[in-house]
Amino acid sequence: MLQLTRLAIAILLLSTSLTNFAGVGKVTEQTGPTEIVRNKNSIPSKVGSGVEMNDTIVTAKAKAKLTFEDNTTVNITEQSKLVVDDFVYDPKKGSGKLAMKVVMGTARYASGQIAKTNPQNVAVNTPTATIAVRGTDFSMTVDELGRSLIMLLPSCDKKACVTGAISVKNDAGEVFMDQPFQTTVVNAINVPTTALRLTQSLINAPSLFENSVID
């Protein structure tokens with residue numbers, strides 16, 4: 001009996017260790033009901049909930065913020081769906097790799113240590129594009145048809161705002177953006193990107209996809 005008890009304790013400790021190891025980040029902000037889909041099971045999310053590779057985060061009438069182990073952050077708006085495809089991080093070296101996909105809705109990405117150390121190892125995907133990160137902030141909006149609107153944003157702290165760069169690729173080509181609020185629309189995986197000339201009215205429009213102005 002004693003041996004069985006020790007074995008049970010060892011299995012429990014191993015299970016706990018594996019669970020902790022699998023975590024790649026956590027939910028650090030949340031305004032309402034949100035769920036994490038893991039191994040086909042739906043788990044109600046709350047502030048402090050762990051995020052693992054292959055998790056799908058789904059919001060309804062709520063917003064959520066994910067903070068990864070390298071301090072990458074992703075803010076997700078209402079009616080959004082994001083998949084964490086891959087995350088590996090060595091905190092001692094500050095290196096690793098990160099891949100995620102915005103399936104639906106809007107998310108704002110802010111680079112962490114991986115993008116600063118290994119920018120070539122960061123890939124953020126939408127149904128119609130892949131975004132290569134050069135250490136910066138940007139937002140992605142994906143509509144019900146899979147069309148993607150990607151906007152480069154300045155990264156601001158208490159001292160100043162700086163803008164990095166991103167490249168947006170699909171089967172039809174690539175566009176490079178390094179100016180704040182530069183925006184591109186990708187309507188299909190095999191259709192060239194469309195450049196936008198933004199105005200305040202366009203930013204506030206119900207659908208930027210329907211009101212885009214080609215440069």
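1. Lys40 sits out in the open: its relative accessible area is 83%, so the residue counts as exposed. Keep in mind that this is a predicted model. Lys40 belongs to the loop between β2 (34-38) and β3 (41-44). What caught my eye is the backbone, since phi of Lys40 is positive, near 70 degrees, and the residue is not a glycine.

2. Phe181 raises a similar flag. Here too phi is positive and near 70 degrees in a residue other than glycine. The loop in question runs between β17 (173-177) and β18 (183-186). Is Phe181 buried or exposed? Neither label fits, because a relative accessible area of 46% makes Phe181 partly exposed, the cut-off for exposed being over 50%.

3. Now for the rings. Searching the whole structure turns up three aromatic pairs. One of them is Phe68 with Phe87, a stacked pair with 5.6 Å centre to centre and 25 degrees between the planes. That angle counts as stacked because the planes are under 30 degrees apart. The pair bridges distant parts of the chain: Phe68 lies in strand β6 (residues 64-68) and Phe87 in strand β8 (residues 81-90), 19 residues apart.

4. How covered are these two rings' residues? Phe68 has 3% relative accessibility, so it counts as buried. Phe87 comes out at 6%, and therefore counts as buried as well; the cut-off is under 20%. The pairing does not stop at these two, as ring pairs link Phe68, Phe87 and Tyr89 into a cluster.

5. Strand β12 (residues 137-142) deserves a look of its own. How many of its six residues are buried? Five are, which leaves the strand mostly covered. On one hand, β12 pairs with strand β9 (residues 95-110) in the antiparallel sense, over six bridges. If you want a spot to check in the viewer, Thr106 stands opposite Thr141 in β12.

6. β12 also pairs with strand β13 (residues 148-153), again antiparallel and over six bridges. Within this pairing, Met140 has Ile150 in β13 as its bridge partner. The hairpin of β12 and β13 has five residues between the strands, and Gly146 there takes a positive phi near 90 degrees. So my list of positive phi values to inspect includes this glycine, along with Lys40 and Phe181, neither of them a glycine.

Note on methods:
Residues numbered from 1 in each chain as written. Predicted model: local features only at pLDDT ≥ 70, side-chain atom pairs only at ≥ 80, totals over all residues. Heavy atoms only, no water. Phe/Tyr/Trp six-rings, centres within 6.5 Å; stacked < 30°, edge-to-face > 60°. Helix = DSSP H or I, 4+ residues; strand = E, 2+ residues; numbered from the N terminus. Buried < 20%, exposed > 50% of the residue type's maximum accessible area, 1.4 Å probe, protein only. Pairing = 2+ DSSP bridges.
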